[in-house]
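Happy to walk through this one with you. Let's take the calls about it in turn and ask what each of them rests on.

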Amino acid sequence: MSEEKKILYSGMQATGSLTLGNYLGALKNWVKMHEEYECFYGVMDLHSLTVRQEPAKFRQNARKLYALYVAAGLDPEVNCVYFQSHVSAHAELAWILDCFTYMGELSRMTQFKDKSQKHADNVNAGLFTYPVLMAADILLYQAHVVPVGVDQKQHLEITRDIAERFNKIYGDVFTVPEPYFGENGAKVMSLADPTKKMSKSDENVNATILLTDDRDTVIRKFKRAVTDSDAEVRFAPEEKPGISNLMEIYGSVTGKSHEEIESEFAGKGYGDFKLAVGEAVADELAPLQERYEKLLADKSYIDDCIRRNDDKARYVSNKTLRKVKKKVGLLEV
Ligand code: TRP
């Protein structure tokens, strides 16, 4: 770990399994980031508690997410891949930052508005202060960059506002993070409604490719993907959202440009194209799934990785937390 590298922080919530969208849009790109950055990736299990979880399943899913991170190529010897809930500094800093965040700005968060509509029976305070915990995650590690999707952009903005507000009062305590939009992070849309993002909470199983879907399932889902009624493989997101989404996926997996894909399938039907996309995705996922199965069978290896990385995360985050406590005037003895 070299001292000059800038710091990168990101993570995903520990719910359900991951989709091809999570993989091509985020995880696959995370894998190479350590060449340029010192990287911290959390399993964000505290954030998942804003929605009611079934304890046994939640615990299992959390370990599975960790195994998927590693199976996708996030090397836990090179990156700090750890559990948010194992590092108490997150919850502690979140409380302190709550006292530097306004009700007004939190109530303007679109995700809060969406989620409180979706879970109208459980609009808990955690849902409201969700962005403050996220700010704590990022600021504890003095992150310079945070790769996030567009849906998290507003949360990164409030993180910057909180950091700047705090720094203005107490001096330069926090690094103010920048969003990082990867050049080649594909935005993957639903296979059933290509105007919507692919989402793990979609009720239609055919809309979503899970990273754990077997080869036949992947190919079958791509065969059923909604497209348009002409037969031209051409990139035109407005006019041909379904085909454009499949091209985006195929390009992201094979490294081919839109032009190359268009000429590869010139004069061929959608059937051939869909099959090629399905096979390419299945080929991409096969080695990941093989590693994943091996990792799940070796619980002690995963748990050992988690423990060692938790220790590192604790060490780094406590430095910031101690400084914050001192600045705000909490008594140390
Ligand atoms: N809220 C993010 C999501 O749902 C997950 C997350 C929590 C996160 N803390 C973070 C992402 C810190 C980046 C940095 O996708």
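**Domains and ligand**

In this predicted model, domain 1 and domain 2 bury about 1,300 Å² between them, with 69% of that on carbon and sulfur atoms.

Q: What makes up domain 1 and domain 2 here?
A: The domain assignment gives domain 1 as 6-186 + 299-328 and domain 2 as 205-293. Their centres, taken over C-alpha atoms, are separated by 31 Å. To their contact, domain 1 brings 13 residues and domain 2 brings 15 residues.

Q: Why is Asp137 said to surround the ligand?
A: The cut-off is a heavy atom within 4 Å. A polar side-chain atom of aspartate 137 lies 2.7 Å from a nitrogen atom of the ligand, so Asp137 falls within the 4 Å limit.

Q: How do you know that tyrosine 130 and glutamine 152 make polar contacts with the ligand?
A: A pair of N or O atoms has to be within 3.5 Å. A polar side-chain atom of tyrosine 130 is 2.7 Å from a ligand nitrogen, and an N or O atom in the side chain of glutamine 152 is 3.0 Å from one. Both pairs therefore count as polar contacts.

Q: How much of the ligand does the protein cover?
A: The protein covers 88% of the 370 Å² of accessible area that the ligand has on its own. β1 (6-13) and α7 (125-140) are the elements giving two or more residues to the shell.

Q: What kinds of residue form that shell?
A: Six are nonpolar, five polar and one charged.

Key. Residues are numbered from 1 along each chain as its sequence is written. This is a predicted model: local features need pLDDT of at least 70, side-chain atom pairs count only at pLDDT 80 or more; totals for chains, interfaces and linings use all residues. Side-chain values use heavy atoms; hydrogens and water are left out. A polar contact is a pair of N or O atoms within 3.5 Å; within protein, one must be able to donate a hydrogen and the other to accept it, and residues adjacent in sequence count only if both atoms are side-chain atoms. Accessible areas come from the Shrake-Rupley method with a 1.4 Å probe; for residues, only the protein chains shown count as cover. Helices (H or I, at least four residues) and strands (E, at least two) are DSSP runs, numbered from the N terminus. Ala, Val, Leu, Ile, Met, Phe, Trp, Tyr, Cys and Pro count as nonpolar, Asp, Glu, Lys and Arg as charged, and the others, Gly among them, as polar. Domain bounds come from an automatic or database domain assignment. Contact means heavy atoms within 4.5 Å. Buried area is the accessible area (1.4 Å probe) that two parts lose on being put together, summed over both.
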